[in-house]
Amino acid sequence: MFNLILFGPPGSGKGTQSEKLIQKYGLKHLSTGDLLRSEITKQTALGMEAKKVMDRGELVPDEVVIDMISSAIDQNHDVKGFLFDGFPRTAAQAEALDKLLLLKNSPIAIMLALEVSEEELVKRLMKRGETSGRSDDTNESIIRARINEYHKKTTAVADYYRLFDKVTLIKGEGSVDEIFNTLCEAIDAKM
Ligand code: AP5
């Protein structure tokens, strides 16, 4: 198995690039944001609780997302590997993921960290908010709260994987295809 984490702040292009990477490498895409939005659409109790937190631009509790990822991993046997998008987002999530993957004897091979300036992130998300229907894209203060949450809690995840020499920084500005090619070069060098 080849497991990778696509990392970066809100709006850095994780979802956009994930779609292209899973096509090329045949990996299973696991996005905690998508899993949570699917719970919201189904109006489950978990989804309704998560929505309140997401609408404030804050992170959903660790145990909720770790449980979701754990069952998604269990439900996907015989995959070539996983592409984790938006997870892990805290040091506790990173440690839990390592434990889950240890059971499969298949650690994280690489973390690709997209780097995008804050002004560009806000610009992209405000623009998407015009049409996406995502309630956390509707105003600048929620978008900035999401970015603050990233700096407060999520950058520590890159520090964690840096200890194991697994982090590759990727310039996340430029055309989608240019960024995709840089991501592929980094993956090919590790495969
Ligand atoms: P999540 O769904 O993970 O959202 P996010 O991290 O805020 O990221 P986005 O989906 O907004 O951005 P992205 O980096 O995927 O960029 P995208 O490709 O979409 O999380 C949402 C919420 O769920 C969190 O705030 C939290 O509450 C909760 N949550 C999720 N996971 C959690 C976890 N593990 N723990 C706790 N809580 C969790 O692109 C953005 C826009 O930019 C698009 O319009 C795109 O078209 C455009 N774009 C992409 N690339 C380019 C480019 N190169 N040039 C110009 N525009 C571009």
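Which atom of the ligand lies 3.0 Å from a polar side-chain atom of Arg134? In this predicted model, the atom in question is an oxygen atom of the ligand.

Arg134 is a useful place to begin. This residue sits in the loop that runs between α6 (118-129) and α7. Besides facing the ligand's oxygen atom at 3.0 Å, the side chain of Arg134 makes a polar contact of 3.0 Å with the side chain of Asp136. If neighbours within four places in sequence are set aside, Arg134 is in contact with Arg37, Arg128 and Arg146. Two of these names, Arg128 and Arg146, return in the surroundings of the ligand: there are 30 residues around the ligand, and those that come nearest are Thr16, Glu58, Arg89, Arg128 and Arg146.

Other polar atoms also face the ligand. A nitrogen atom of the ligand has a polar side-chain atom of Gln93 at 3.0 Å. At Ser12 the backbone takes part: one of its polar atoms is 3.2 Å from an oxygen atom of the ligand. On its own the ligand has 1000 Å² of accessible area, and the protein covers 86% of that.

Next comes the interior of the protein. In soluble globular proteins, nonpolar side chains tend to be buried together. Here the largest nonpolar core has 32 residues, and Ile73, Phe84, Leu97 and Tyr161 have the most contacts inside it. Both strands and helices give two or more residues to this core: the strands are β1 (3-7), β3 (82-85) and β4 (108-115), and the helices are α2 (32-41), α3 (45-54), α4 (62-75), α5 (91-103) and α7 (140-162). Of these, α4 supplies the largest share, with six residues.

Tyr161 shows what such a position looks like in detail. Not counting residues up to four places away in sequence, Tyr161 touches Ile5, Pro88, Ala94, Leu97, Asp98, Ile108, Met111, Lys166 and Val167. Apart from the largest core lies another, of 18 residues, among them Ile22, Leu83, Cys184 and Ile187.

One helix that contributes to the largest core, α3, can be followed residue by residue. Which residues of α3 are buried? They are Gly47, Ala50, Val53 and Met54. Seen down the axis of α3, these buried residues fall within an arc of 120°, so they line one face of the helix. The cover over the buried residues of α3 includes α2, which is also among the helices that give residues to the largest core.

Definitions and conventions:
Residues numbered from 1 in each chain as written. Predicted model: local features only at pLDDT ≥ 70, side-chain atom pairs only at ≥ 80, totals over all residues. Heavy atoms only, no water. Core = buried A, V, L, I, M, F, W, Y, C linked by side-chain atoms within 4.5 Å. Buried < 20%, exposed > 50% of the residue type's maximum accessible area, 1.4 Å probe, protein only. Helix = DSSP H or I, 4+ residues; strand = E, 2+ residues; numbered from the N terminus. Contact = heavy atoms within 4.5 Å. Near = heavy atom within 4 Å. Polar contact = N/O pair within 3.5 Å; in protein donor to acceptor, adjacent residues only side chain to side chain. Areas by Shrake-Rupley, 256 points an atom, 1.4 Å probe, with all protein chains shown as cover. Arc of directions from axis to C-beta.
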